[in-house]
Amino acid sequence: MFRFENPIYLYLLILIPMLVMIRWAMLKNRKKRLQKFGDTNLLEEMMPSVSKNRRLIKFWLLMAALALVIIMLARPQMGSKISNETRNGIEAIIALDISNSMRAEDVVPSRLDKSKMLIENMVDNFTNDKVGLVVFAGDAFIQLPITSDYVSAKMFMQNTTPSLIASQGTNISEAIRIASVSFTKAENIGRAIIIITDGEDHEGGAEEAAAAAKKKGINVFVLGVGSTKGALIPDGQGGFIKDNTGTEVVSSLNESMCKQIAEAGGGGYIHVDNTNVAQEKLNAALTKLQKGEIDSVIYSEFDEQFRAVAIIVLILLIVEICIMESRNPLLKNIKLFKSKNKTKED
């Protein structure tokens with residue numbers, strides 16, 4: 001398994017395109033200044049030792065070295081030792097609504113971001129449990145198969161955005177169906193599907209799907225995010241989403257529907273607001289589930305890979321230093337020597 005111990009440093013990679021843009025602007029400005037002295041083609045003939053390609057190669061070598069240094073700071077690691085362990089815990093699959101209505105900000109910072117924080121806190125409380133992630137809007141799919149790797153679970157969750165699913169809507173029934181078949185085959189273990197949604201644009205069939213999951217011994221919990229008063233949905237460009245008539249769309253929490261699904265699924269309904277009450281209620285509910293034996297594949301040791309990256313960086317810097325910005329005069333003399341010999345022969 002490959003991972004980064006400090007992935008926050010990877011955000012520094014944004015420096016690369018910034019530096020490329022700065023270099024492009026500098027070259028463009030340099031070209032304008034040279035044009036004041038005369039025709040650029042004539043100037044190039046007057047400076048035969050100048051090489052554009054060499055400067056370009058040196059620049060990209062430095063950019064590659066910088067990118068690898070940033071990767072070194074993030075501490076790339078490779079799992080080197082795998083152990084199979086048997087633990088007592090539960091299995092929980094989170095079904096997260098990522099429809100556009102989850103962008104509404106009646107819960108701070110937004111319905112979706114609040115849901116992500118809630119999931120992260122829930123995973124932090126897990127010890128011997130397994131967790132999976134299903135995302136849904138008008139359609140649903142597995143974002144993360146059930147696992148005991150909590151680091152990967154939180155990473156996948158943070159990268160979840162409404163853009164992952166093009167079709168809009170709230171297809172809770174499909175999310176429950178996919179989640180129901182995504183558990184392991186372990187016996188005598190507590191299982192839960194945790195649906196986090198605002199329930200808007202509900203497409204039907206969710207109660208039947210929740211009841212079917214209950215028959216399989218799966219508890220279906222529903223966390224309703226937002227307020228029943230409703231809120232506008234940001235469009236990501238400083239405005240708000242509008243309908244076909246140009247009217248701004250107001251999204252409201254469909255709390256009654258959420259309660260009906262939770263009741264059919266034998267779990268419970270929890271309202272998510274700006275407090276931590278929902279977190280406490282969810283943790284308490286999951287604690288009551290029966291804990292069974294879970295076989296987990298654990299990467300117990302990780303080897304640092306920064307040494308290999310450091311060697312590549314060193315090689316790139318040595319090559320960059322060895323490449324001269326101007327054409328090599330030794331090669332130029334060899335060329336002249338050959339041309340003189342050719343003249344004498346003639």
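This is a short tour of a predicted model, from the whole chain to single residues.

**Whole chain**

Start with the entire protein chain, coloured by secondary structure. The chain contains 11 helices and 11 strands. Of its 346 residues, 38% are buried. Among contacts with a separation of 6 or more, 81% are between residues 24 or more positions apart. With a surface display switched on, the accessible area is about 20,000 Å², and carbon and sulfur atoms account for 57% of that area.

**Nonpolar surface patch**

Next, select Ile8, Tyr9, Tyr11, Leu12, Ile14, Leu15, Met18, Leu19, Ile22, Met26, Val69 and Leu73. Together they form a nonpolar surface patch of about 1,100 Å². Two helices, H1 (15-35) and H3 (52-73), each contribute at least two residues to this patch. Which helix gives the most? The answer is H1, with five residues.

Pick out Leu19, a patch member that sits in helix H1. Is Leu19 buried or partly exposed? Its relative accessibility is 32%, so Leu19 counts as partly exposed.

**Pocket beside the start of the chain**

Keep Ile8 selected and add Phe4, Pro7, Val151 and Met155. The second largest pocket holds about 590 Å³ of space. It is lined by 16 residues, and those closest to its centre are Phe4, Pro7, Ile8, Val151 and Met155. Strand E1 (2-4) and helix H5 each give two or more residues to the lining of this pocket. The largest share, five residues, comes from H5. Ile8 therefore belongs to two of the selections on this tour, as a member of the nonpolar patch and as one of the residues closest to the centre of this pocket.

**Internal cavity**

Stay with H5 and hide the surface. The structure has one cavity of 30 Å³ or more, and the largest cavity has a volume of about 50 Å³. To see its lining, select Ile94, Ile119, Val123, Val131, Gly132, Leu133, Leu144, Ala153 and Met157. Helix H4 (111-124), strand E4 (130-136) and helix H5 (150-158) each supply two or more of these lining residues. Which element gives the most? Strand E4 does, with three residues. H5 thus appears in the lining of the cavity and in that of the second largest pocket.

**Cis peptide**

From H4, step back along the chain to Pro109, in the loop between strand E3 (91-97) and H4. The peptide bond that joins Val108 and Pro109 is cis, with omega at about 0°.

**Two residues with positive phi**

Now select Arg75, in the loop between H3 and strand E2 (76-89). Arg75 is not a glycine, yet its phi is positive, at about 55°. Its relative accessible area of 32% makes Arg75 partly exposed.

Then go to Asn188, in the loop between helix H6 (172-180) and strand E6 (191-197). Asn188 is another non-glycine residue with a positive phi, again about 55°. Is Asn188 buried or exposed? At 59% relative accessibility, Asn188 counts as exposed.

**A pair far apart in sequence**

Finish with Ile312 and Ala64. They are separated by 248 residues in sequence, while their C-alpha atoms are 9.6 Å apart in space. Ile312 lies in helix H10 (residues 306-322). With a relative accessibility of 44%, Ile312 counts as partly exposed.

Definitions and conventions. Residues numbered from 1 in each chain as written. Predicted model: local features only at pLDDT ≥ 70, side-chain atom pairs only at ≥ 80, totals over all residues. Heavy atoms only, no water. Helix = DSSP H or I, 4+ residues; strand = E, 2+ residues; numbered from the N terminus. Buried < 20%, exposed > 50% of the residue type's maximum accessible area, 1.4 Å probe, protein only. Contact = heavy atoms within 4.5 Å. Areas by Shrake-Rupley, 256 points an atom, 1.4 Å probe, with all protein chains shown as cover. Patch = residues over 30% accessible without salt bridge, like charges linked within 9 Å, V, L, I, M, F, W, Y side chains within 5 Å. Salt bridge = Lys/Arg side-chain N within 4 Å of Asp/Glu carboxyl O. 1 Å grid on protein atoms, 1.4 Å probe; cavity = no way out; pocket = protein on both sides within 12 Å on 5 of 7 lines; lining within 4 Å. Points joined across faces, edges and corners; volume = space filled by probe spheres on them.
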